[in-house]
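Thanks for coming. I have one structure to go through today, so let me put it on the screen.

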Amino acid sequence: MKTISASATVTINSIAALKRKCGELVHNFAAGDPILDNHPSIINSAMEHVKKGVNPYPPVEGILELRRLAAEWVNATCQTQYAKENVLVTCGGKFALFAFFYSLLQSGDEVLIPEPYWVSYPDMVKMAGGVPSIVPTQAENGWKLTPRDLVAMITEKSKMLIFNNACNPTGVVYTRQEVSEILDVAKKFDLMVLSDEVYSGLVYEEPGFVSCGAFPEHSERVFVVQSCSKSFGMTGWRVGFALGPEKVIKGLTSIQSQTTTGTALVSQWAAVGALENAAEVNVYVKAAMKKRRDLFISIYNSLFPMQLDKIESALYAFVPLYSMGVKGITDSVAFCEQMIKNGNIALVPGTAFGVDGHVRFAFSETEENINQALHALKKAIEQKRPWKA
C-alpha cells in the first residue's frame with residue numbers, strides 16, 4: 001500500500017469536482033472525460049433491457065452479443081482477425097490492463113514503459129509484482145518511441161513493453177512502418193507487447209490508426225486493450241475489452257471471476273447499442289472532439305507565446321510551461337497547485353506522466369468551457385508574474 005500512488009488525474013479531477021459541488025466556478029482541464037450526451041443508440045439499448053426488470057449476475061467473460069460485436073468492430077476498424085473467443089469484457093480498459101499484468105507477469109519482471117506515459121502504468125505494474133523500466137523519448141521526435149530508444153533499455157529481465165497508440169498524454173499516432181519496427185524489436189528480444197489502443201477511434205487525420213493486432217506474425221505476443229469510453233463517449237458506463245490469444249483470455253477470465261465478477265449488464269447492453277451502430281456513434285463523438293481540439297488550439301495559439309502544432313489524436317495537449325510564457329519555473333506540480341489554488345484551473349502536472357516542466361490539458365469539456373478556461377489561465381499566469389514557486 002505504501003508503494004502505490006493514487007491516480008494523479010483522478011485526484012485532481014476529484015478536487016475540481018468538490019470545488020464545483022461547493023458552488024465554485026472551476027475550469028477543468030484535468031480529466032479526459034468527453035462531456036457529451038450519450039448517443040441515443042446507447043441509451044435506448046440500455047433502457048430496453050432495464051425495463052425487463054431482471055438483471056442477474058453477468059456472464060464472467062461478458063455477454064455473447066457484446067463479445068461478438070467487439071471482435072467485429074475491432075476487426076473492421078483495425079484490420080485484425082479476432083473472434084469472440086479472443087475477447088473478454090472488463091470494467092473499463094483499466095481493469096483489462098491490470099488483468100493482463102496480473103496474469104502475465106512474474107515477480108521481478110521488467111516492463112518497459114515509454115515516457116511520457118499514462119499515469120497508471122507504473123503503479124499497476126508494481127501491483128502485479130513487476131518492475132517498471134522507464135524508456136526516455138525525445139520531444140524533438142514528437143515523443144515517439146523508436147527502436148533505438150527501446151533497444152537501449154532492454155535487459156535480460158525485460159519481459160513486456162507497454163505500447164500506447166494513439167497516445168495519452170501526447171496525442172501522437174504511429175505509422176504502420178513505425179509499429180512494425182517496434183514489433184520486430186519485441187520479437188527479437190522475446191518481449192510481450194501490451195498495446196493500449198483505447199483512443200484508436202479518436203484519430204483525427206489520415207492515414208489514421210494502425211493496431212499492433214494487425215500483424216498476424218506477432219499475434220502470439222501481442223495483447224490489445226480497447227474500450228467504449230473514448231471512441232463512443234461512454235466513460236461512466238465502464239466497459240472495456242481485453243483481446244488476445246484464446247488461452248490468455250481464458251486466464252484473464254479466471255482472474256475476473258475472482259475479482260469483479262464481470263461488468264454490469266446494463267453497461268454491457270449499452271455497449272451493444274453503441275457497437276451495433278459503431279460507425280455512426282464514433283463519428284458523432286469524434287466530430288465533437290475534433291471541433292473542440294481545433295477550438296482549443298486556435299484559442300491557445302492566440303493567447304500564448306508558443307504555437308501548438310495540430311494534435312493528431314486523443315483528447316490532450318502536452319505542453320511545456322515556457323510555451324505559456326511561464327518563466328523561472330519548471331516545477332509542474334508547483335505550477336498546477338498555484339493554478340487550482342489561485343485560478344480554480346485544474347491541470348495535470350507533467351511529473352504524473354514522467355516528464356516535468358510540462359502540463360497536460362484535456363480539451364474534452366464543452367466549447368464554451370474551453371474558451372473560458374483558456375482565458376482564465378492567461379489571466380492567472382499574468383497575475384502571478386514574476387513567477388515564483
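Which residue stands opposite Leu88 in β8? That residue is Ala242. Keep in mind that this is a predicted model.

The pair belongs to the contact between β2 and β8, residues 240-243, where the two strands run antiparallel and share four bridges. Stepping back to the sheet: it is open, has seven strands, and reads β2-β8-β7-β6-β5-β3-β4, with mixed pairing. At the edges are β2, residues 87-90, and β4, residues 131-135, each of which pairs on one side only. From one strand to the next the twist averages 20 degrees.

Helix α3, residues 64-78, lies across β2, β7 and β8. Relative to β2, α3 runs at about 110 degrees.

Now to helix α7, residues 176-188. With 13 residues at 1.5 Å a residue, α7 should span 18 Å, and its end C-alpha atoms are indeed 18 Å apart, so the expectation and the model agree.

Which residues of α7 are buried? They are Val179, Ile182, Leu183, Val185 and Ala186. These buried residues cover an arc of only 155 degrees around the axis, which means they sit on the same side of α7. The general background is that an α-helix has 3.6 residues a turn, so residues three or four places apart point the same way. On the other side of α7, Gln177 and Lys188 are exposed.

As for what covers the buried residues of α7, the elements include α6, at 147-153, and the strands β5, β6 and β7.

Last item: just after α7, Asp190 has a positive phi of about 55 degrees.

Technical notes
Residues are numbered from 1 along each chain as its sequence is written. This is a predicted model: local features need pLDDT of at least 70, side-chain atom pairs count only at pLDDT 80 or more; totals for chains, interfaces and linings use all residues. Side-chain values use heavy atoms; hydrogens and water are left out. Two strands pair if DSSP finds at least two bridges between them. Axes are lines fitted to C-alpha atoms, for helices over the stretch in contact, and angles run from 0 to 180 degrees between N-to-C directions. Contact means heavy atoms within 4.5 Å. The expected span of a helix is 1.5 Å times one less than its number of residues. Buried means under 20% relative accessible area, exposed over 50%, partly exposed in between (1.4 Å probe, protein chains only). The arc is that of the directions from the helix axis to the C-beta atoms.
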